[in-house]
Amino acid sequence: MRISNIIIAFILLISSACVYGAQNAKITVDKEGSYYYWFTYSDINGKAVTTTPAPFSDKKTTVELPLVKDAVPKCKLFVLNETTGNEAVLDITPKAGAAVKFDLKASSFDRVRRVEVLVTSIADKAPVAACVVKLGAGKDQQVETLDPSALGVARFEDAHSGTVKVSVEYGEGKTSSQDVDIPLERDDRVPRIEVPVVGQVDTVNAPVSSAKTEEKAKEPVNSFINFPMAVVGMVLFGLILWGAVRMMSNRGAGFRQVMQKVGVDLPGEPEPVGLQAQTAQVAPVDPTVCAFCGGKKDAVTGTCACSLGGAAPSATPSAGSGPRLIATQGAYMGSIFQIDGTMVIGRDESNPIPLPLDTTVSRKHAAITNAGGTVTVADQGSSNGTFVNGVKITEQVLKPGDEVQIGSSRFRFEA
């Protein structure tokens, strides 16, 4: 009887040791530091569960694995390097009787725990009020919907490092996409990427921090100290003003002139000035002479041989002058560009239609072609896209009155 009890106790001891071994795992890292680990898995009802992040600082640590029905489920392990903000994400598929070990190298920490994307209007740099932001592609794509309370900032977790795609959907069917770089080595633990969008879009103003306002309101006011300081300030101001009056009076200037120089207009008739006072004369402007090159303007067209920034505004053409773009907004507002054949529009000054003053325009932004009276505009792979009537296009035939947007510049097409 004693032998059987001993055998049963030994079996129970071995079983409990096996169970204990199956519930634990080891994590090793290259060097000591500030780390956190946690697991995500599904419970018996299929509900997603995330364990509380637990810290460790040594190169090795023993962790307790999650259990579902007394077995380790298929789960994910997250290990965060708190110093860098980078993390390692590992899929776990446990095998019965096999020891679970995680040997993490520096290259294992290839994700960024948190990433912020700030969406702004390219026109005034203000945060966009509402949009949908997508980070990444395929099964790894994350989507955030922004309302005005977000102040234009979309926040993502567990993002892949390197070059990723950011897409912004805003307005009425407008989309802006670009590739951004999320580096593992960076100054900020939480990197912020700014993505500007073009066109008409609602924006918000970031409010002043309420914490600073409350802190300032709670500051005690010591009237005993502030009153003498106010008196000293007024005395100093009076001495400075008196010195200025004396100095200007010695130079023949009256009190009214002194006060006008410091920005104070006094009521009543102005003081008579001495014979030494000189009346400012404005040089007359000759409308027939170019203000930029000094050359004579053409009597008919009103143009000269020079160009401002590579494209000076031309005279308004007559009704029969053919297809043209008239700038209605931006650095070239009022400029008129005739369309003859195929003409490239871009920031490069060698383009037939150069826009070097608009930094949001690509070097070779778009091409506009006049073929037998049919005018077509086509994007040339620009960074910020080409828009017709607020819609991003690849190629489109223009009709009179259409609005073409290239960077921050807008044009009205007329035929």
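This passage describes the aromatic ring pairs and one nonpolar surface patch of the structure. The model is predicted, with local features requiring pLDDT of at least 70 and side-chain atom pairs pLDDT 80 or more, while totals for chains, interfaces and linings use all residues. Residues are numbered from 1 along each chain as its sequence is written, and side-chain values use heavy atoms, leaving out hydrogens and water.

Six aromatic pairs were counted, where rings of Phe, Tyr and Trp (its six-membered ring) pair if their centres lie within 6.5 Å, and planes under 30 degrees apart are stacked, over 60 edge-to-face and the rest tilted. The pair of Y37 and F39 is edge-to-face because the ring centres are 6.1 Å apart and the planes stand at 75 degrees. Y37 is buried at 13% relative accessibility, and F39 is buried at 2% (buried: under 20% relative accessible area; exposed: over 50%; partly exposed: in between; 1.4 Å probe, protein chains only). Ring pairs also join Y37 and F39 with Y35, F56 and F109 in a cluster.

Turning to another pair, F337 and F411 meet edge-to-face, 6.1 Å centre to centre with 70 degrees between the planes. This pair links distant parts of the chain, as F337 in strand β17 (residues 336–338) and F411 in strand β26 (residues 409–414) are 74 residues apart; strands are DSSP runs of E with at least two residues, helices runs of H or I with at least four, numbered from the N terminus. F337 is buried at 7% relative accessibility, and F411 is buried at 1%.

On the surface, V231, V232, V235, L236 and L239 make a nonpolar patch of about 430 Å². Patch residues have over 30% relative accessible area and no salt bridge, with nonpolar side chains (Val, Leu, Ile, Met, Phe, Trp, Tyr) joined within 5 Å and like charges within 9 Å; a salt bridge is a side-chain nitrogen of Lys or Arg within 4 Å of a carboxyl oxygen of Asp or Glu. Areas come from the Shrake-Rupley method with a 1.4 Å probe, and for residues only the protein chains shown count as cover. V231 lies in helix α3 (residues 223–250) and is partly exposed at 35% relative accessibility.
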